[in-house]
Amino acid sequence: MSISFREEIKNLQPYKPGKPIEDVKREYGLDKVIKLASNENPLGCSPKVRDAIINTLDELAIYPDGNSTDLKEILASKLGVDVSEVLPSSGSDEMIDMIAKAYINKDDEIIMADITFPRYIQTTEMMGGTPVIVPLKEFTFDLNGILSKITNKTKLIWICNPNNPTGTMITEKEFVDFLDRVPSNILVISDEAYREYVTRDDYPHNTIGLLKKYSNLLVMRTFSKAYGLAGIRVAYTIGNKNIIENINKVRGPFNVNILAQAAAIAAIEDIEFLQRSYDINLEGKNYLYDEFDKLGFYYPPSETNHIFVNVGKNGQDVFVEMQKRGVIIRPMGGDFIRVSIGTMEENKIFIEKLKEVLG
Ligand SMILES: Cc1ncc(COP(=O)(O)O)c(C=O)c1O
């Protein structure tokens with residue numbers, strides 16, 4: 001007799017990450033494979049983070065500070081908020097999970113875009129909530145469409161800004177106008193995983209400044225992208241202290257490991273590394289735009305470290321053919337693929353192989 005599991009997880013699929021380099025090497029007998037599939041930082045991470053990790057290695061036998069006190073204090077002081085308004089997590093993945101556990105009741109309606117980061121829908125379904133999907137409009141969040149879907153069952157709205165996978169953003173004015181129209185009993189989460197790459201001035205760079213006025217806003221940020229720490233799992237969320245307190249109740253006792261805490265503290269201080277990440281990303285983005293323009297490909301302008309591009313041929317087929325040539329990208333629906341911006345060398349290899357695949 002099999003053990004019964006929660007009905008809510010019956011149709012859930014495990015998260016599909018970008019294909020690991022080692023798998024592709026093995027599968028196709030390749031020595032060199034580049035991965036432009038998970039929006040990772042091609043520069044690695046700050047050398048200061050390496051030092052901080054090495055200096056923490058002697059402490060592995062002891063549990064980390066479950067409260068992430070030092071990290072919290074540094075974040076609070078840098079961001080000009082109170083420590084009670086900050087909550088570190090093991091990646092924003094864990095935060096998305098914790099928000100769902102703390103807030104989503106069965107049949108609550110959770111509004112999100114299509115297409116956007118898939119963990120929003122998966123965690124909604126996990127909790128028995130009802131996902132309310134609003135299609136993107138010209139590859140960007142349709143905020144009026146989202147507002148029109150609000151009902152008395154709406155609990156939470158996911159805004160991914162800039163959006164993964166389309167790379168598009170909503171402006172500060174659009175966001176504030178939107179917040180003005182969302183009832184204050186609905187949680188709005190601004191997932192800012194790619195904020196450090198944004199080039200435009202009209203992006204809401206200071207969502208923390210909006211928290212005083214909008215007590216239903218949560219701002220979620222990560223060290224996985226521009227800080228280059230995807231492998232160690234650390235992120236943080238800022239918001240009203242009552243909301244933070246509720247999320248903190250469902251947190252695992254030692255959710256951010258000892259190396260991750262040390263790494264994040266060191267990473268925050270290395271502004272130069274962050275600037276280099278931004279610069280190399282912009283240079284790579286302009287190079288890829290030029291190449292795509294020459295090939296006549298459509299792409300929405302990206303404010304992130306990835307580009308969502310129509311390559312005029314089935315994305316899944318292109319994904320397979322690119323893999324055979326040692327380049328991992330992400331297939332999207334139809335003729336779209338998503339490519340992460342790599343080092344210039346990686347970008348050039350990507351273009352060379354893409355031209356080969358497309359004949
Ligand atoms: C929009 C968005 N949110 C959250 C995450 C999860 O990031 P983390 O590594 O902090 O868990 C990602 C990762 O790709 C993302 O693209």
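A polar contact, as the word is used in these legends, is a pair of N or O atoms within 3.5 Å of each other. Keep that cut-off in mind for the second view. The model you're looking at is predicted.

**View 1. The annotated domain.** UniProt, in an unreviewed entry, lists residues 32–354 as "domain: Aminotransferase class I/classII large". Follow the chain over residues 32–354 and you'll find 39% helix and 17% strand. The C-alpha atoms at the two ends of that stretch are 16 Å apart.

**View 2. Polar contacts to the ligand.** Here we zoom in on three side chains, starting with Lys225. A polar atom in the side chain of Lys225 sits 2.8 Å from an oxygen atom of the ligand, inside the 3.5 Å cut-off for a polar contact. Ser224 does something along those lines too, with a polar side-chain atom 2.6 Å from a ligand oxygen. With Asp191, the ligand's partner is a nitrogen atom, and the distance to an N or O atom of the Asp191 side chain is 2.6 Å. How much of the ligand's area does the protein bury? On its own the ligand would expose 400 Å², and the protein buries 93% of that.

**View 3. The shell around the ligand.** Step back a little and the ligand turns out to occupy the largest pocket. Around the ligand there are 13 residues, and the closest are Asp191, Tyr194, Thr222, Ser224 and Arg233. Sorted by class, this shell holds four nonpolar, five polar and four charged residues. Which element supplies the largest share of the shell? That's helix α4, residues 91–103, with three residues.

**View 4. Two cis peptide bonds in one loop.** Most peptide bonds are trans, so a cis one is worth a look. In this view, the bond from Asn161 to Pro162 is cis, with omega near -5°. Asn164 and Pro165 are joined by a cis bond as well, with omega about 15°. Where does Pro162 lie? Look in the loop that runs between β5 (154–160) and α7 (172–181). Pro165 is found in the loop between β5 and α7, too.

**View 5. A positive phi at Asp107.** Most residues other than glycine have a negative phi. Asp107 isn't a glycine, yet its phi is positive, at about 75°. To spot Asp107, go to the loop between α4 and β3 (109–114). Helix α4 is also the one that gives three residues to the shell around the ligand.

How values were computed
Residues are numbered from 1 along each chain as its sequence is written. This is a predicted model: local features need pLDDT of at least 70, side-chain atom pairs count only at pLDDT 80 or more; totals for chains, interfaces and linings use all residues. Side-chain values use heavy atoms; hydrogens and water are left out. UniProt positions are given in the numbering used here, feature names are shortened, and annotations may be inferred rather than shown by experiment. Helices (H or I, at least four residues) and strands (E, at least two) are DSSP runs, numbered from the N terminus. A residue is near a molecule or strand if one of its heavy atoms lies within 4 Å of it. A polar contact is a pair of N or O atoms within 3.5 Å; within protein, one must be able to donate a hydrogen and the other to accept it, and residues adjacent in sequence count only if both atoms are side-chain atoms. Accessible areas come from the Shrake-Rupley method with a 1.4 Å probe; for residues, only the protein chains shown count as cover. On a 1 Å grid over the protein atoms alone, a cavity is a set of points where a 1.4 Å probe fits but cannot get out, and a pocket is an open set with protein on both sides within 12 Å along at least five of seven lines; lining residues have an atom within 4 Å of a point. A molecule sits in a cavity or pocket if more than half of its atoms lie within 2 Å of its grid points. Ala, Val, Leu, Ile, Met, Phe, Trp, Tyr, Cys and Pro count as nonpolar, Asp, Glu, Lys and Arg as charged, and the others, Gly among them, as polar.
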